[in-house]
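Hi,

Here is the structure I promised to pass along. Please open it beside this email, and my notes on what turned up in it follow below.

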Amino acid sequence: ERGTDLGIAAQRERRREMRFCAAPDLPTLAAAAAKPIAVDATTNGFVLVLYRALARAGLEREACRFDMVGGVRHRFDALMDGRATSTILVPPFDAMAEAKGYRVLWDVRELAPEYPGVVVVVRRDVAARDAVVRALAAMVAANDSALLPANRAAAHEALVAARYSDAAAAKLIATEVEGLRPVPAGIAESIALRAECGLPPTPPPDPDRLVDLAFLAEAARFG
């Protein structure tokens, strides 16, 4: 998009779990949108799903105020101490907010079910290519090991220990990415969200051009 030669080399999560949480006295998205909404950015990332939610609810995003508070931990803290009244949270913070009485007004699965989770982006001409390939090989090995039937319970316990709810941990394990190969549906979802919001580039990028599987292919030699 900005002329950089970057490629999506791997995908660590098939889908990104996220929910829109609001103060207990805000029962609807319209009520939340009438007050400042805490975000990390206004032109990319999670906010694009929020824009879709607002549009489907018949709300103009231009009429909303978005406060750039920072990452998910910063937004959670702002919600807890009253500096924010609504925001998008991901596990484990969404469950923590819900447990404290905050409302969940929408779930990403209702709006953008293929929204991708964490991806690995690499400069195609990276000088330390061997180090990148070895790191990817280690990620693939760890992913494969955690998803073996004998290890799934331990993987679930590790996520719960990291304060994921049982449900969020189960979802993350159930939607694993085999071999960490980028999922085309998720990339298409991201492009569609940006297009809906009128964000560049125009025309939309070629999804195949965004992915570079060469790094994973090289990592396979360490398997």
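Let me start with Ala219, which sits in helix H11, the helix covering residues 214–219. Please keep in mind that this is a predicted model. Is Ala219 buried or exposed? Its relative accessibility is 5%, so Ala219 counts as buried, the cut-off for that being under 20%.

What does Ala219 touch, once residues up to four places away in sequence are left out? The partners are Val133, Leu136 and Ala137. Val140 is worth finding on your screen as well: 79 residues separate Val140 from Ala219 in sequence, yet their C-alpha atoms are 8.5 Å apart in space.

Now for the chain as a whole. Its secondary structure consists of eleven helices and seven strands. The radius of gyration is 19 Å, close to the 17 Å that the globule rule gives for 223 residues, so the chain is as compact as a globular protein of that length. If you line the model up along its principal axes, the C-alpha atoms fill a box of roughly 55 × 45 × 25 Å.

Contacts between distant parts of the sequence show up across the chain too. Taking contacts between residues at least 6 apart in sequence, 79% of them join residues at least 24 apart. Of the 223 residues, 41% are buried.

On the outside, the accessible surface comes to about 11,400 Å², and carbon and sulfur atoms account for 56% of that. As for charge, the chain carries 28 positive and 29 negative charges, and the mean positions of the two sets lie 2 Å apart.

Since you work at the bench, you may want to know about the cysteines. How many disulfides does the structure hold? The count is zero. Why is Cys64 not bonded to Cys197? The closest cysteine sulfur to that of Cys64 is the one in Cys197, and it is 12 Å away, too far for a bond, because a disulfide needs the two sulfur atoms within 2.5 Å. Seen from the other side, Cys197 is in no disulfide either, with the sulfur of Cys64 as its nearest.

Both of these cysteines are covered. Cys64 has a relative accessible area of 14%, so it is buried. Cys197 is buried as well, with a value of 9%.

That is what I have for now. Happy to go through any of it with you.

Best wishes

Definitions and conventions
Residues numbered from 1 in each chain as written. Predicted model: local features only at pLDDT ≥ 70, side-chain atom pairs only at ≥ 80, totals over all residues. Heavy atoms only, no water. Helix = DSSP H or I, 4+ residues; strand = E, 2+ residues; numbered from the N terminus. Buried < 20%, exposed > 50% of the residue type's maximum accessible area, 1.4 Å probe, protein only. Contact = heavy atoms within 4.5 Å. Rg over C-alpha atoms; globule rule 2.2 N^0.38 Å. Areas by Shrake-Rupley, 256 points an atom, 1.4 Å probe, with all protein chains shown as cover. Lys, Arg positive; Asp, Glu negative; His and termini not counted. Charge placed at Lys NZ, Arg CZ, Asp CG, Glu CD.
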